[in-house]
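Visitor: Could you teach me how to read a structure like this one, feature by feature?
Guide: Gladly. Let us have it in front of us and begin.

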Amino acid sequence: MTASIFSGVIPALMTPCKADRTPDYDALVSKGQELIAAGMSAVVYCGSMGDWPLLTDEQRMEGVARLAAAGIPVIVGTGAVNTATAVAHAAHAQKAGAKGLMVIPRVLSRGSVIAAQRAHFKAILAAAPELPAVIYNSPYYGFATRADLFFALRAEHPNLVGFKEFGGPDDLRYAAETITSRADEVTLMIGVDTAVVHGFVNCGATGAITGIGNVLPREVIQLCTLAQKAAKGDALARRQAKDLEEALAVLSSFDEGPDLVLFFKHMMVLKGFAEYTLHFNESDALSESQRGYVEAQLTLFDTWYADWSKREGLAA
């Protein structure tokens, strides 16, 4: 089974919220279409960025169905407290016409037990055998999939084609060294915005799943393009990629914290997308200090980028 859907630059969509604190599906689809038109290769829904723990199963499935019906290549997150619910999301994704699965570990109950996670992964993969899938590895889910488990699963489920690593540089290095460099058909996806250059250049990643790319799609696509050129030995592209990644460092770092959705939604509002103003929990909000900080950092980046892209002769 091909892993081509897990290549390029893929934003993890946030779920816009209407005044009654329900999902704004029209705005969700519109944003997906806009990002694909900007050069993204696919979208992810519902991962952590999509607020999957705060939506009902029906709401999540509706979002997937709307995106797929609009012709947007969508990779579906299977996050759930119990395996039966995760299986239902996987089966629905295949039926709705999604293009891939992001298989999220079992959480809360027996999350640290390898046998329980293996059974969880197997059930999800078996529920959507026609969809290529990647394991979503993240310290936030409390379980690290190691090479022996990955290849045991892959031996029985050929639709498991890759690994999405949300951990830091060391975790990406482990994934590359012990899992994804074993065969060309096994792909590595960068899952954290702060390790794009490292992932492409040092770990052989084929693509990146991004949060900040929702806010700055042009700039993040440019970063990934430069990093991919650097991975082929282009010294100038390597320097430019490092410059751009360093300038994005603070904005990208919000991807690593518990308030990531709050920060990214606020930046979307600053960019003119008012449909991201509200959150599903009314009490969820950035502090005044957090808002002031992210606003200053976004302004600084935009100013820097306008100057840097001209000096480097890059298309703005």
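Guide: Let us start inside, with the lining of the largest cavity, whose residues divide into 8 nonpolar, 5 polar and 2 charged. Please keep in mind that this is a predicted model.

Visitor: How many cavities of 30 Å³ or more does the structure hold, and how much space lies in the largest cavity?
Guide: The structure holds 1 cavity of 30 Å³ or more, and the space in the largest cavity is about 110 Å³. Its lining is made up of 15 residues, and those closest to the centre are Ala12, Met49, Tyr136, Lys164 and Phe166.

Visitor: Which aromatic cluster includes Tyr136 and Phe166?
Guide: Those two belong to one aromatic cluster together with Tyr140 and Tyr141.

Visitor: And asparagine 137: where is it found, and is it buried or exposed?
Guide: Asparagine 137 is found in strand 5, residues 133-137. For burial, the cut-off is under 20% relative accessible area. Asparagine 137 has 3% relative accessibility, so it counts as buried.

Visitor: What does asparagine 137 touch, beyond residues up to four places away in sequence?
Guide: There are two runs to look for in its contacts. One is Phe143, Ala144, Thr145 and Arg146, and the other is Phe163, Lys164, Glu165, Phe166 and Gly167. Arg146 has a ring partner of its own: arginine 146 lies over the face of tyrosine 174, at 3.9 Å from the ring centre.

Visitor: Let us turn to pockets. How much space lies in the largest pocket, and which residues are closest to its centre?
Guide: The largest pocket holds about 450 Å³ of space. It is lined by 20 residues, with Ser48, Pro53, Pro258, Leu260 and Val261 closest to the centre. Helix 11, residues 260-270, gives the largest share of that lining, 3 residues. By class, the lining has 12 nonpolar, 4 polar and 4 charged residues.

Visitor: What about the second largest pocket, and how much space lies there?
Guide: The second largest pocket has about 170 Å³ of space. Among the 15 residues of its lining, Thr277, His279, Asp284, Ala285 and Leu286 are the closest to the centre. Here too helix 11 supplies the largest share, 4 residues. The classes in this lining are 6 nonpolar, 4 polar and 5 charged.

Visitor: How should I read lysine 31: is it buried or exposed?
Guide: Lysine 31 counts as buried, because its relative accessibility is 2%. Its place is in helix 1, residues 25-38. Leaving aside neighbours within four places in sequence, its contacts are Leu13, Met268, Phe273 and Tyr276.

Visitor: Where does the charged end of lysine 31 sit?
Guide: The charged end of lysine 31 is over the ring of phenylalanine 273, 3.4 Å from the centre of that ring.

Visitor: How are aromatic pairs described, and how many are found in the whole structure?
Guide: A pair of aromatic rings is described by the distance of the centres and the angle of the planes. A search of the whole structure finds 12 such pairs. Take phenylalanine 254 and tyrosine 293: their ring centres are 6.4 Å apart and their planes are at 85°, so this pair is edge-to-face. Phenylalanine 254 lies in the loop between helix 10 and helix 11, and tyrosine 293 lies in helix 12, so the pair ties together parts 39 residues apart in sequence.

Visitor: Are the two partners buried, partly exposed or exposed?
Guide: Phenylalanine 254 is buried, at a relative accessible area of 8%, whereas tyrosine 293 is partly exposed, at 41%.

Visitor: One last feature: why is helix 7 described as largely enclosed?
Guide: Count its buried residues. In helix 7, residues 196-203, 7 of the 8 residues are buried, so the helix is largely enclosed by the rest of the structure. Its buried residues are Val196, Val197, His198, Gly199, Phe200, Val201 and Cys203. The cover over them includes helix 6, strand 7, strand 8, helix 8 and helix 9. Just after helix 7, glycine 204 takes a positive phi of about 70°.

Visitor: Which residue of helix 9 could we look at, and what is it in contact with?
Guide: Try alanine 241, which is found in helix 9. Alanine 241 is buried, with a relative accessible area of 0%. Apart from neighbours within four places in sequence, alanine 241 is in contact with Val197, Leu223, Leu226 and Ala227.

Key. Residues numbered from 1 in each chain as written. Predicted model: local features only at pLDDT ≥ 70, side-chain atom pairs only at ≥ 80, totals over all residues. Heavy atoms only, no water. 1 Å grid on protein atoms, 1.4 Å probe; cavity = no way out; pocket = protein on both sides within 12 Å on 5 of 7 lines; lining within 4 Å. Points joined across faces, edges and corners; volume = space filled by probe spheres on them. Helix = DSSP H or I, 4+ residues; strand = E, 2+ residues; numbered from the N terminus. Nonpolar A, V, L, I, M, F, W, Y, C, P; charged D, E, K, R; others polar. Buried < 20%, exposed > 50% of the residue type's maximum accessible area, 1.4 Å probe, protein only. Contact = heavy atoms within 4.5 Å. Phe/Tyr/Trp six-rings, centres within 6.5 Å; stacked < 30°, edge-to-face > 60°. Lys NZ or Arg CZ within 6 Å of the ring centre and 35° of its normal.
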